[in-house]
Amino acid sequence: MTIPVLSTMPHHVAIVMDGNGRWAHQHFLPRIAGHKQGVTALRRCVKACVARGIGVLTVFAFSSENWRRPQEEVSGLMDLLARAVASEVTELQQNGVRLHFVGDRQRLSDAMQAAFSKAEAVTASNTGLVLNICFNYGGRWDIAQAAKKVADSGQAITELALDRALALAHVADPDLLIRTGGELRISNFLLWQAAYAELYFTDKLWPEFDETALDEAIAFFRSRERRFGQTSAQLTPSVSGQPVKVA
Ligand code: IPE
Ligand code: IPE
Ligand code: MG
């Protein structure tokens, strides 16, 4: 057996925060109560990431496809986010968090767009955790808007040009992608950026995702050998240049 090169802490953690509706159902509550509890879980997760020195946290809060939900749930989610942005900014500020909203803002209300811009401006000079909130975001939207930007600028469409035009160009690609709620799918999240992310799926519903659950995901990440297309031997050179063998 070759001793694997164990990864250190993930720099960038991305999360599909799924399972709010099922959590509410289990507690005989309306779906929106599950989303409220989801905001609490996010607050807890942000603090835990700050405490662990994680550089970037990117969360999926509302997908391009979530507009297909009942109107009442969609407007409830908009309302909840608008309130959360207003009420959380001070604490985020105290924790040195820099906020970014990622997604197509055109379909959002003027008030919402203004709230996003204000929260981004207020936290712009913070140097701690970068928190990307993906809202009205879809991986396909992102790739299409980046391609349009590159084409409009007259540049050749190369991987580098697209990478720089994507909505997450301000951060490195995610190292660890977590999905709560038990589904084994990506649901149009970070299609480009997750190319080499370690994927971690847990049955835990998002409102129940706590520090211990985050540590379990990080432990999983640290047990992976990240080869990026190379062989294991290339990653574990010994003094003799041969991979280190045990047992
Ligand atoms: C994720 O929880 C939050 C959003 C998609 C906004 P869900 O609302 O999808 O919860 P489930 O999957 O119905 O349990
Ligand atoms: C993905 O969850 C989107 C967010 C968590 C915001 P969904 O619940 O919308 O995903 P599907 O519909 O089950 O694939
Ligand atoms: Mg869901």
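# A guided tour, from a loop to two ligands

Begin by selecting Asp-175, which is found in the loop between H6 and strand S5 (176-179). Keep in mind throughout that this is a predicted model. Asp-175 has a relative accessibility of 14% and therefore counts as buried, since the cut-off for that word is under 20%. If you now display its surroundings and set aside the neighbours within four places in sequence, you will find Asp-175 in contact with Pro-10, His-11, His-12, Ala-197, Glu-198, Phe-221 and Arg-226.

Move next to Gln-193, which belongs to the loop between S5 and strand S6 (198-201). Its relative accessibility is 4%, so Gln-193 counts as buried. Leaving out neighbours within four places in sequence, the residues in contact with Gln-193 are Tyr-137, Asp-142, Leu-166, Leu-168, Asp-173 and Pro-174.

One of those contacts, Asp-142, leads to the next stop, because Asp-142 is also among the buried residues of H5, together with Gly-139, Gln-145, Ala-146 and Val-150. Looking down the axis of H5, you should see these buried residues fall within an arc of 135 degrees, which means that they line one face of the helix. A general property of helices helps here: an α-helix has 3.6 residues a turn, so residues three or four places apart point the same way. Select strand S4 (130-137) and helix H6 (159-165) to show what the buried residues of H5 pack against. On the face turned away from the buried side, colour the exposed residues Arg-140, Lys-148 and Asp-152. Helix H5 covers residues 139-152, and its 14 residues should span 20 Å at 1.5 Å a residue, which agrees with the 20 Å between its end C-alpha atoms. After H5 comes Gly-154, with a positive phi near 80 degrees.

Now select helix H2, residues 31-51, whose 21 residues reach 30 Å from the first C-alpha to the last, close to the 30 Å expected at 1.5 Å a residue. The buried residues of H2 are Ala-33, Gly-34, His-35, Gly-38, Ala-41, Leu-42, Cys-45, Val-46, Ala-48 and Cys-49. To see what covers them, show strand S1 (12-16), helix H1 (20-26), strand S2 (56-63), helix H3 (71-94), S4 and helix H7 (211-222), which are included in that cover. Just after H2, stop at Gly-53, where phi is positive at about 70 degrees.

The tour continues with the ligands. Select ligand 1, which is surrounded by 13 residues, the closest being Asp-18, Gly-21, Arg-22, Arg-31 and Arg-69. An N or O atom in the side chain of Asp-18 is 2.9 Å from an oxygen atom of ligand 1, a polar backbone atom of Asn-20 is 3.1 Å from an oxygen atom of the ligand, and for an N or O atom in the side chain of Arg-69 the distance to a ligand oxygen is 2.7 Å. Taken alone, ligand 1 exposes 370 Å², of which the protein buries 87%.

Finish at ligand 2, whose surrounding residues include Val-16, Met-17, Phe-60, Phe-62, Arg-185 and also Asp-18 and Arg-69. Three side chains are worth displaying with distances: a polar atom of Asn-66 lies 2.9 Å from an oxygen atom of ligand 2, a polar side-chain atom of Arg-179 lies 3.3 Å from an oxygen atom of this ligand, and a polar side-chain atom of Ser-187 lies 2.6 Å from an oxygen atom of ligand 2. The protein covers 78% of the 390 Å² of accessible area that ligand 2 has on its own.

How values were computed
Residues are numbered from 1 along each chain as its sequence is written. Chains are lettered from A and ligands numbered from 1 in the order in which they are written. Side-chain values use heavy atoms; hydrogens and water are left out. Helices (H or I, at least four residues) and strands (E, at least two) are DSSP runs, numbered from the N terminus. The expected span of a helix is 1.5 Å times one less than its number of residues. Buried means under 20% relative accessible area, exposed over 50%, partly exposed in between (1.4 Å probe, protein chains only). The arc is that of the directions from the helix axis to the C-beta atoms. Contact means heavy atoms within 4.5 Å. A residue is near a molecule or strand if one of its heavy atoms lies within 4 Å of it. A polar contact is a pair of N or O atoms within 3.5 Å; within protein, one must be able to donate a hydrogen and the other to accept it, and residues adjacent in sequence count only if both atoms are side-chain atoms. Accessible areas come from the Shrake-Rupley method with a 1.4 Å probe; for residues, only the protein chains shown count as cover.
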